[in-house]
Structures are given as C-alpha cells and as structure tokens.
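Me: Please take a close look at one single residue of this model, and then follow the connections outward from there in one continuous account. I would like the cut-offs behind each term spelled out as you go.

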Amino acid sequence: MKILVIGSSNTDMVIQAPRLPARGETILGGQFVMNPGGKGANQAVAATRLGGKVRLLTKVGDDLFGQQTISRLKNEGILTDYVLIDSRYPSGVALITVDEGGENTIVVASGANMALGEKEILVLMNPIEQATIILLQLEIPLQTVELAAKTASNLGKTVILNPAPAYPLSDSLLSKISILTPNQTEAQMLTGIKVNSPETADLAAQHLHKKGVANVIITLGKEGAYLCNEQTTQLIPGYPVEAVDTTAAGDTFNGALAVALLEGKELIEAISFANLAASLSVTRLGAQSSIPYRYELEC
Ligand code: ADP
C-alpha cells in the first residue's frame, strides 16, 4: 500500500426539508438519504478512484453503520485491514438538514473516530512503515495526528496534512509536515491573516513556511491553489467549471495530490492535477458521489 490515510469515517444522514426547524420545533421533511462520509474516508475514496493504492486506518463502532462503512470501502477497492472496530462507541454519524435554498445545519457525533487514539501506536507503526505517503486530516484526536506525523516523518515518509476542520496547531506538529493543504478559512485560523486572494494567500503561506512546513498549498476555491516552498511562491490556476456543489472539493484535491506525487509528478504538476480532479467534483452533487474516476480526467 503506497498511500495511507489515517482519519475519520462517518455516515451522513441527510433530510431535505422545506425549511430548517426552529428551536424545539418538529417539522415534516422530504427525502431522506444516507451517504458515506468523513474526511478520511472521502480522501481515501478520492485517491483510490484516481488510481492510487490506498489503505485507510480509521475506527468504527461495532454496529450496522460500521459494517456498512467497511463494505463500502471494500467495494471502492480500499484496503480495510486497518479499519478498527471499537465496541465501546458507536460509528461516527452526521445528522444533516438541508432546506430548499441549500442552507444546512449539521451535527456530527464523532463516536469511534474520537477513540482512534495514541495507545494504538503499535497499530499505527506497521502501516506507516509500509506506505510512501501518509495523508492526515483533523477529524480524529489531535494527539493521534501528532503521533502519526512524528512517526512518519522520522521514517522519512511524505506527510500531507489537510488541516480540516480548522483548528490551531503547534509549531512542533507543523515542522513534521511535508505538505500542508489548508483552505482559506483554515489558513486564516492558522495564521491570523485573512485569506481571500492570491496576495493574502502569499502572506499566509510564507508565514506557515517560516514555521517549518516544507510545502504550503492554500486552496483558493475556483482560483486554484497557492504554493509556497523554498523554491517558489506561485498560484497554480484552477479549471473554470460550472460549479453545482463544492462539497468534497478539498477532499478530492487532497486525494488527487497524493496520487499525483506517488506517480512521480513534480509538485506544481501534481497541484494542477489536483485542481483538475477537484474542479470535476464541484460540477456534481454530494460528497463521495461527486468524486471523479481517473478515466474522467484523461491524463
Ligand atoms: P474546501 O472545499 O476544502 O473548502 P476549496 O474551496 O479551496 O477547499 O476547494 C478545493 C479545490 O477545489 C480548489 O483548490 C480548486 O482546485 C477546486 N475548486 C473549488 N471550487 C471550485 C470552483 N468553483 N471551480 C473550479 N474548481 C474549484
């Protein structure tokens, strides 16, 4: 296995409703759908569909959602031998209400995801050793992310951290990261600099690079992504598309980036590949349902 994703897996339960209910109110909704989700699982799916050999290290509960998550991951072709089952907690779920205008409210019960803990160092070690690229996000305990990054960086692996959802990170963690991929909100949280243009992305990226991150890539929505490293600071432009739903754009970007690097593409070329894959995902509805397959990219 060349790409190891260590992160969350959830079941998203979505109800479409005429409007969002007020406090204490019950309303009758419309259609109900259940979708696989969680940033770890989404990024593992993206990397697999785009041609990577992927193992997902995640934790589910000993319940129906957990079983369904495992079978869906297997169907995608993801190696699931490190999907851990913890009978003390339920599998992660997100309860989502979407109104007619597309506005939503979301409550996530992380459940077993938050039990993917440091005491599993012995479980983490083996798959990290076997991988070339380690892909991390922040929907599992921060200590686990820190431990994984430290272990992987000591072994000379490429560590990609997608710092989502936004959360402050220590300089010690940042110094272990080969590639950090915040979006604009996350870059602002990490630097205090409001990021809304390539110019402000440059300031934030320089700030993070000075803190010890080898390569900073700030994703800028339709503008593309801004790269800052020792050699260069530049915008890698996005691909213009008719955007329908940007859910999972960042997850697609990160999965694609890992695959492109594994294939030996230079970083700038890899970012362009990730922009292309992510641009396709925003032309379709949903999270995992919008993630493209490699044949759709024609490269
Ligand atoms: P997130 O989805 O995490 O908030 P972004 O909005 O920055 O992150 O999107 C991630 C990537 O998805 C961008 O760098 C870009 O490649 C692609 N992308 C997002 N929105 C669009 C869009 N409207 N048109 C084309 N590409 C997009």
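Reply: Leaving aside its neighbours within four places in sequence, Lys265 is in contact with Ala260, Ala270, Phe273 and Arg294, where contact means heavy atoms within 4.5 Å. The model is a predicted one, in which local features need pLDDT of at least 70, side-chain atom pairs count only at pLDDT 80 or more, and totals for chains, interfaces and linings use all residues. Residues are numbered from 1 along each chain as its sequence is written, and side-chain values use heavy atoms, with hydrogens and water left out.

Lys265 sits in the loop between helices H8 and H9; helices (H or I, at least four residues) and strands (E, at least two) are DSSP runs numbered from the N terminus. The side chain of Lys265 also makes a polar contact of 3.1 Å with the side chain of Glu263, a polar contact being a pair of N or O atoms within 3.5 Å, of which, within protein, one must be able to donate a hydrogen and the other to accept it, while residues adjacent in sequence count only if both atoms are side-chain atoms.

The two helices on either side of this loop lead to the ligand, since H8 (249-262) and H9 (267-281) each supply at least two residues of the shell around the ligand. That shell holds 16 residues, the closest being Asn183, Thr219, Gly221, Gly224 and Asn275, with a residue counted as near if one of its heavy atoms lies within 4 Å. By type the shell divides into 8 nonpolar, 7 polar and 1 charged, where Ala, Val, Leu, Ile, Met, Phe, Trp, Tyr, Cys and Pro count as nonpolar, Asp, Glu, Lys and Arg as charged, and the others, Gly among them, as polar. An N or O atom in the side chain of Asn275 is 2.7 Å from an oxygen atom of the ligand, a polar side-chain atom of Thr219 lies 2.8 Å from a ligand oxygen, and a polar backbone atom of Gly250 is 3.1 Å from an oxygen atom of the ligand. The protein covers 84% of the 550 Å² of accessible area that the ligand has on its own, as computed by the Shrake-Rupley method with a 1.4 Å probe.

H8 also lies across strands S1 (3-6), S8 (133-136), S9 (158-161), S10, S11 and S12, and runs at about 170° to S8; axes are lines fitted to C-alpha atoms, for helices over the stretch in contact, and angles run from 0 to 180 degrees between N-to-C directions. These strands belong to an open sheet of 9 strands with mixed pairing, in the order S5-S4-S1-S8-S9-S10-S11-S12-S13, two strands being paired if DSSP finds at least two bridges between them. S5 (83-86) and S13 (233-237) stand at the edges with a single partner strand each, so one side of each is left without a neighbour in the sheet.

At the S13 edge, S12 and S13 pair in the antiparallel sense over 5 bridges, a hairpin of 4 residues joins S12 to S13, and Tyr226 stands opposite Leu235 in S13. Helix H7 (198-210) lies across S10 (179-180), S11 (215-219), S12 (224-228) and S13, at about 40° to S12. At the S5 edge, S4 (54-61) and S5 run parallel and are joined by 4 bridges, and Lys59 stands opposite Leu84 in S5.
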